[in-house]
Amino acid sequence: MKKVQRMRGELHPCRTMIFLPVLLIVLVIALGPYLVLGTQARVVFHDHLDANFAWAVVLAREGQIFASATDIVAPILGGLERQFLGSQWELYYWIFHLLPPFSALVASEALTRTIAFAGAYQLMRWDILGRSDDKSDAKFTFMIAAGAGAFALLPFWLPGGTTVAGLPLFLWAVFRLRAWQCDAWVLVSSTLCVLLFVFYGSFVLSGIFVLFLLGFLVLFDLLARKKYEAVRLFCVLTVASSLFIAKERWLVALMISERPTSREEFTHRTYGSDKLFETFRTSFLDGQYHADPGTAWPMFSAVAVALLIASVLAVKGSWQDVRRPVKWLFVGLFATGLTALFYALFRWEGFADLPLPGKLSSFNFGRFHWLQPGLWFVSFAAALAIISLGTRSTSIYSGSKPIIRQAGVMLATALCLVQIGINIIALPVYGGSKRALPYEQFLASQQFVEIRQDLAGYTETPKLALLGAHPAIAQYNGFETLGGYVQLYPLDQKHRLREVFRAELDASNKLKRYFDGWGNRAYVFNADLEKCVGNCFADRAPDQIRIRIDVKSLRAEGVTHVLSVSEIANPGKLTLLNAYSSPEGQRGWRFFLYELQ
């Protein structure tokens with residue numbers, strides 16, 4: 001009987017029996033605490049609940065996800081134009097449009113980890129390992145699934161979606177399109193993967209750098225490989241770039257317009273030449289902190305063992321057995337080193353002195369290191385493939401005992417499982433982050449119910465200025481705020497906000513550098529709270545503070561009430577209405593509500 005040839009990328013039924021259960025285990029590990037504990041589960045608040053999450057909740061609640069560019073989103077930053085809060089084509093926003101906030105958070109995590117697992121599995125199975133479809137090879141399939149699980153359980157930055165988690169899937173789709181043989185299924189499925197990367201990822205964090213590297217791959221194919229492969233890749237590059245520009249058209253318009261934005265005063269923190277190597281080393285080994293498990297010695301061990309095996313095979317002239325994964329290993333290590341070097345040079349004071357035209361000077365070129373988690377996975381996967389295949393080579397082993405012949409794949413699987421354990425410990429839901437708190441506790445829903453009740457009798461719509469707490473907390477609970485945490489906003493709005501707390505910045509050089517040189521956290525600052533800024537929880541906030549803010553400027557900005565984490569020693573024209581504490585035994589907030597006279 002004629003053997004049926006399976007399409008490249010199609011899962012064999014035997015492999016499906018491993019792929020799906022391991023994916024289910026990954027999802028149970030990642031989502032289990034949410035399903036069991038509900039809103040008492042720990043969630044990262046840094047760059048998540050205090051920023052993108054709050055934007056999504058506000059836009060969904062106000063019905064402004066699909067608003068026009070110049071529509072004002074009242075709750076954020078005292079009123080911010082819609083175009084400064086990301087594209088309406090963000091899949092992350094659509095999830096919040098369809099589901100309640102906590103359910104949307106869980107759904108986005110499930111989607112992100114599914115994408116990470118599927119992409120890592122397919123890339124390792126078909127491109128890095130490159131083994132034939134042999135249904136009896138269950139040990140290899142489980143090792144591949146374990147390697148994919150190690151990547152899928154990294155502590156990803158959830159609002160980023162495919163920014164990091166989708167890199168393997170995008171790379172796998174690109175290589176399928178590069179080798180396309182007029183197969184309709186390959187074209188459709190790969191195109192969907194590209195669309196998913198574009199519409200669920202960030203252009204400025206990783207998209208632009210992925211396209212940059214894709215351009216180099218086009219050039220390489222044009223010079224060293226088949227011309228038609230270069231043409232196909234150029235088509236992928238053109239389509240992906242066009243989609244990103246269409247999706248982020250507001251951002252692109254702002255960057256090429258003459259309208260000044262807050263990033264034009266952005267000052268990059270730089271280091272001297274003596275710190276250059278240390279910055280490179282830290283970036284190379286630790287990678288991007290939004291997907292850093294804290295330690296990765298199993299991954300480094302796998303790379304070291306793989307290099308040793310590859311060296312032995314090269315000396316004995318048998319390295320053809322591992323030729324494909326060796327190429328992937330060196331490409332992964334080289335690319336990771338290159339991104340780390342670029343990050344170090346960007347932080348070097350010599351780079352800061354280079355004259356860059358226009359708004360290009362405010363662009364963060366150091367974000368190349370957002371690619372590092374994906375590149376390290378490529379190196380890890382290639383190392384696992386070398387260990388698994390290399391130990392089967394007769395140049396290393398000439399015996400016939402199956403248990404010894406399988407030692408390589410068993411070692412590779414063990415390293416994957418150890419790395420999975422390390423990654424699980426690093427997950428915020430299991431206490432792996434100091435910047436995580438129970439969802440309900442951080443967002444202070446119970447306290448804001450009381451605050452809303454106390455403000456129910458006011459005819460004027462309450463607008464809060466928060467001292468020592470993230471404005472996103474009040475935004476989530478339905479209040480308008482003066483401050484906010486956004487990546488980009490008008491420069492005149494930054495200057496106007498600065499007038500409110502100018503005296504506070506004059507009293508604190510730390511806060512002055514923080515706001516004037518960066519300013520994405522446009523909070524109503526207080527010099528007595530400089531050590532904790534927006535994280536002044538009840539156990540960190542002082543009992544009393546003195547304020548230096550201009551109350552008249554606050555009133556001019558429409559602020560009706562001040563919500564402080566500490567009692568104000570010199571209230572002046574502020575009248576204390578009530579105090580609110582988090583439930584006993586919780587590390588939450590303590591609030592004092594003041595009314596402006």
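Colleague: How many cavities of 30 Å³ or more does a search of the whole structure find?
Modeller: This is a predicted model. The search covered the whole structure, with a floor of 30 Å³. The number of cavities found is 4.

Colleague: How much space lies in the largest cavity, and what divides its lining residues?
Modeller: The lining includes Leu 466, Leu 511, Tyr 523, Phe 525 and Val 533. Gly 468, Asn 526 and Glu 530 are also among the lining residues. By class, the lining divides into 8 nonpolar, 2 polar and 1 charged. The space in this largest cavity is about 70 Å³.

Colleague: What kind of aromatic pair do Phe 53 and Tyr 439 form?
Modeller: The count for the model is 42 aromatic pairs. In the pair of Phe 53 and Tyr 439, the centres are 5.9 Å apart and the planes meet at 85°. Planes over 60 degrees apart set the class. The pair is edge-to-face.

Colleague: How many residues apart in sequence are the parts that this pair ties together?
Modeller: Phe 53 lies in helix H3, residues 52-62. Tyr 439 lies in helix H20, residues 439-443. So the pair ties together parts whose separation in sequence is 386 residues.

Colleague: Is Tyr 439 buried or exposed?
Modeller: Its partner Phe 53 has a relative accessible area of 0% and is buried. The cut-off for buried is under 20%. Tyr 439 has 1% relative accessibility, so Tyr 439 counts as buried.

Colleague: Which residue lies over the face of Trp 126?
Modeller: Elsewhere, Arg 263 lies over the face of Phe 266, at 4.6 Å from the ring centre. For Trp 126, the distance to the ring centre is 4.5 Å. The residue over Trp 126 is Arg 125.

Conventions: Residues numbered from 1 in each chain as written. Predicted model: local features only at pLDDT ≥ 70, side-chain atom pairs only at ≥ 80, totals over all residues. Heavy atoms only, no water. 1 Å grid on protein atoms, 1.4 Å probe; cavity = no way out; pocket = protein on both sides within 12 Å on 5 of 7 lines; lining within 4 Å. Points joined across faces, edges and corners; volume = space filled by probe spheres on them. Nonpolar A, V, L, I, M, F, W, Y, C, P; charged D, E, K, R; others polar. Phe/Tyr/Trp six-rings, centres within 6.5 Å; stacked < 30°, edge-to-face > 60°. Helix = DSSP H or I, 4+ residues; strand = E, 2+ residues; numbered from the N terminus. Buried < 20%, exposed > 50% of the residue type's maximum accessible area, 1.4 Å probe, protein only. Lys NZ or Arg CZ within 6 Å of the ring centre and 35° of its normal.
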